[in-house]
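Visitor: I would like a close look at one part of this protein, the largest pocket, and then at the other spaces and the packing in the rest of the chain. Please keep to what can be read from the model.

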Amino acid sequence: MRSTPRSPLPILVVFAAACGGATTVVDPPPPPAAGFTVLLAPVAEDQVAAQALGWTAGIPGADVTITPNDSSAAPRTVQSSGAGVADFGTLPAGAYIVEAKRWLTASELAKLPPGEDANGWIARAPLTATGQAGQRQIPISANRRKGLVISEWAFNTARLPPINHTYPYGGFLELYNNGDTTVYVDGLTIVQAMELEYDYPTFPCSVMGRWTNDRTGLWTRHIQQFPGRGHDHPVAPGAVVVIAIDAIDHSKIVSRGIDLSHADFEFWGGPGDVDNPAVPNMIDTLSVGYDLTGHGPVYDAGSGVVLALARPYNLAATPRSTATDGKEWAQVGADLIIDIVSLWAEAPYLDYPRCSQMVNSRFDVESSDVRDVDENIEYDYSVSRRALPSTNGRVLLQHSHSSGADFVHTLRSPRLVP
């Protein structure tokens, strides 16, 4: 006799009563907890460092923490094995966040080849458990000192009365010299890359990925360049560079605005732009109909964003492509990208599913999802790069090639690194 498979549908239990019957719907029990492991697999760009340490299978000795999204249980932390596997034993079905950290010892640092500046391994990624036993591979990146890095993104829009009136011009971008030598920003560029968060019917992820997931470079229509002839704008180790949309005191316009009149640079929006003559202007080298108000780039505060710091480029030799939106885009090659931050939007958009990634993992392994959904509150906040454990009093910022792991939700704080 063939057995009947169990149905996942609710079970109808009928209770008879003297004066009639009543039907009660009883949900089936949740899936049972199951054995679950996580493999910390080094990303392709960091294989040289991993192999030099003899870590060919995975990253060993990392502290790996798993936290349920709904706070239904306390975070659990285990250490990865010699093969880079973190064993969490039984894991109930649900959505989780996995975080991993592994700092290198002095003896391990000595094994790295010359020029290899990795000092640890960092990962943060979402994970969905089904209640079944299994293993999930999590990409983990080497943390590197780098030199000039993006330290704070603060372009959230103020919502003002009357309803739907906005003020998006009080934002700024902050850079930080994480290295040990003076660098110069002269000629460097700020690039807003094409991004696609959701699988829109008219712009599906599968089609737009030709540009948004391009491993060879970032596609853009908006580039602003730092002025200078090579050594006009030095940035000492531990120093900060603030670039404002408008370098003015925004508290005189918006009650919660901040004073950016002492910014180091301000973005340029054309002849009608608000200009502080005491602050050098960026140079708009590639911008097509971006901001009709003339204030310069606001970097799409209400949606997702991919923003990069890049080296000088040759506009005449830049590859071009016409995307499915009918617009011509220019490519900034991968070899020119210095640093990047990618951010999911503050809130989900309708019912469209998210694309699997906003930018190719060569540039950013995991986008940050720390922005709050309440835009009125969000105006006071920014996204800032995490600080590493203190080293001889010098602030060093985390740089693990993953916005999701590196950036946290903070109050706006120009010139103040964590």
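Guide: By residue class, the lining of the largest pocket holds 11 charged, 7 nonpolar and 5 polar residues. Keep in mind that this is a predicted model. The pocket encloses about 510 Å³ of space. Its lining is made up of 23 residues, and Lys146, Ile337, Ile338, Arg362 and His401 are the ones nearest the centre. Two or more lining residues come from each of strand 9 (134-144), strand 24 and helix 5 (403-406). Strand 24 has the largest share, with 4 residues.

Two of the pocket's elements turn up again elsewhere, strand 9 in a cavity and strand 24 in a core. The cavities come next. The whole structure has 3 cavities of 30 Å³ or more. The largest cavity has a volume of about 50 Å³. Around it stand Ile122, Ala123, Arg124, Ala125, Ile138, Pro139, Ser141, Val365, Glu366 and Ser402. Strand 8 (118-129) and strand 9 are the elements that give two or more residues to this lining, and strand 8 gives the most, with 4 residues. Sorted by class, the lining has 6 nonpolar, 2 polar and 2 charged residues.

The second largest cavity has about 40 Å³ of space. Its lining consists of Ala193, Met194, Trp211, Thr212, Asn213, Asp214, Gly217, Leu218, Trp219 and Val359. At least two of these residues come from helix 3 and at least two from strand 16 (217-225); the share of strand 16, at 3 residues, is the largest. Here the classes are 6 nonpolar, 3 polar and 1 charged.

Helix 3 also carries one end of a covalent link. A search of the whole structure gives 1 disulfide, and it joins Cys205 to Cys355 with an S to S distance of 2.0 Å. The link is left-handed, with -80° about the S-S bond. Cys205 belongs to helix 3 (residues 205-212), while Cys355 sits in the loop between strand 24 and helix 4 (375-378), so the disulfide ties together parts that lie 150 residues apart in sequence. Cys355 has a relative accessible area of 8%, and because the cut-off for buried is under 20%, Cys355 counts as buried.

That leaves the packing. The largest nonpolar core has 32 residues, and those touching the most other members are Trp153, Leu173, Leu175, Ile190, Phe226, Ile243 and Leu309. At least two residues of this core come from each of strand 10 (148-154), strand 13 (172-177), strand 18 (240-244), strand 21 (305-310) and strand 24 (337-343). Strand 24 therefore serves both this core and the lining of the largest pocket, because each list of contributing elements, as defined from DSSP runs, includes it.

Ile243 gives a view from inside the core. Leaving aside residues up to four places away in sequence, Ile243 touches Gly171, Phe172, Leu173, Leu175, Phe226, Phe265, Glu266, Phe267 and Met282. Among these partners, Leu173, Leu175 and Phe226 are also named with the core members that touch the most others. Apart from this core lies another, of 28 residues, including Val38, Ile59, Ala118 and Ala129.

How values were computed
Residues are numbered from 1 along each chain as its sequence is written. This is a predicted model: local features need pLDDT of at least 70, side-chain atom pairs count only at pLDDT 80 or more; totals for chains, interfaces and linings use all residues. Side-chain values use heavy atoms; hydrogens and water are left out. A nonpolar core is a set of buried Ala, Val, Leu, Ile, Met, Phe, Trp, Tyr and Cys residues joined through side-chain atoms within 4.5 Å. Buried means under 20% relative accessible area, exposed over 50%, partly exposed in between (1.4 Å probe, protein chains only). Contact means heavy atoms within 4.5 Å. On a 1 Å grid over the protein atoms alone, a cavity is a set of points where a 1.4 Å probe fits but cannot get out, and a pocket is an open set with protein on both sides within 12 Å along at least five of seven lines; lining residues have an atom within 4 Å of a point. Grid points are joined across faces, edges and corners, and a volume is the space filled by probe spheres set on the points. Ala, Val, Leu, Ile, Met, Phe, Trp, Tyr, Cys and Pro count as nonpolar, Asp, Glu, Lys and Arg as charged, and the others, Gly among them, as polar. A disulfide is a pair of cysteine sulfur atoms within 2.5 Å.
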